[in-house]
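Me: Hi! I've got a structure open and would love to talk it through with you. Mind if I fire off a few quick questions?

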Amino acid sequence: MGSQEHRTPLTSPTEPKWNASMQFLVKDVMEDVLCVTVFDKGHYSPDEFLGRTELRVSDILDVTRDTPGPITRWLPLYEVESGQISLKISLVLFEK
């Protein structure tokens, strides 16, 4: 998100479940976009690009207004032939 970057720990190649928790500072709820890029870690070769996707923070806000708490979304992976990723997302807003 913006210049913020987080990486998950490596997972089993047979069952790619990351189950990682991350926090990002949202500067503009209406403009910020969460970008997710997926790679397969190469031990003896370069990492393999598996795709990328994006989710607007405003879209998360729209859904969580009526249903507080985390939401789960399946998002398509782009720039590859096929693929998708499931994200469990929660948005917490604080007063200034």
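Me: Leaving aside neighbours within four places in sequence, which residues is T64 in contact with?
Reply: Happy to help! This is a predicted model, and in it T64 is in contact with G69, I71 and L91, once the neighbours within four places in sequence are set aside.

Me: Is T64 buried or exposed?
Reply: T64 is buried, because its relative accessible area is 11% and the cut-off for buried is under 20%.

Me: Which element does T64 lie in?
Reply: T64 lies in helix α1, which covers residues 57-64.

Me: And what does the side chain of T64 reach?
Reply: The T64 side chain reaches the backbone oxygen of I60, at 2.9 Å.

Me: Zooming out now, in what order do the elements run from the N terminus?
Reply: The order is β-β-α-β-β, with 1 helix and 4 strands in the protein chain.

Me: Back to burial for a sec: what percentage of the residues of the whole protein chain count as buried?
Reply: Of its 96 residues, 22% count as buried. The accessible surface of the chain is about 7,900 Å², and carbon and sulfur atoms contribute 50% of that.

Me: What box do the C-alpha atoms fill?
Reply: Taken along the principal axes, the box is roughly 50 × 25 × 25 Å.

Me: Last topic, charges. How many positive and negative side chains are there?
Reply: The protein chain carries 10 positive and 15 negative side chains. The centres of those two sets lie 5 Å apart.

Key:
Residues numbered from 1 in each chain as written. Predicted model: local features only at pLDDT ≥ 70, side-chain atom pairs only at ≥ 80, totals over all residues. Heavy atoms only, no water. Helix = DSSP H or I, 4+ residues; strand = E, 2+ residues; numbered from the N terminus. Buried < 20%, exposed > 50% of the residue type's maximum accessible area, 1.4 Å probe, protein only. Areas by Shrake-Rupley, 256 points an atom, 1.4 Å probe, with all protein chains shown as cover. Lys, Arg positive; Asp, Glu negative; His and termini not counted. Charge placed at Lys NZ, Arg CZ, Asp CG, Glu CD. Polar contact = N/O pair within 3.5 Å; in protein donor to acceptor, adjacent residues only side chain to side chain. Contact = heavy atoms within 4.5 Å.
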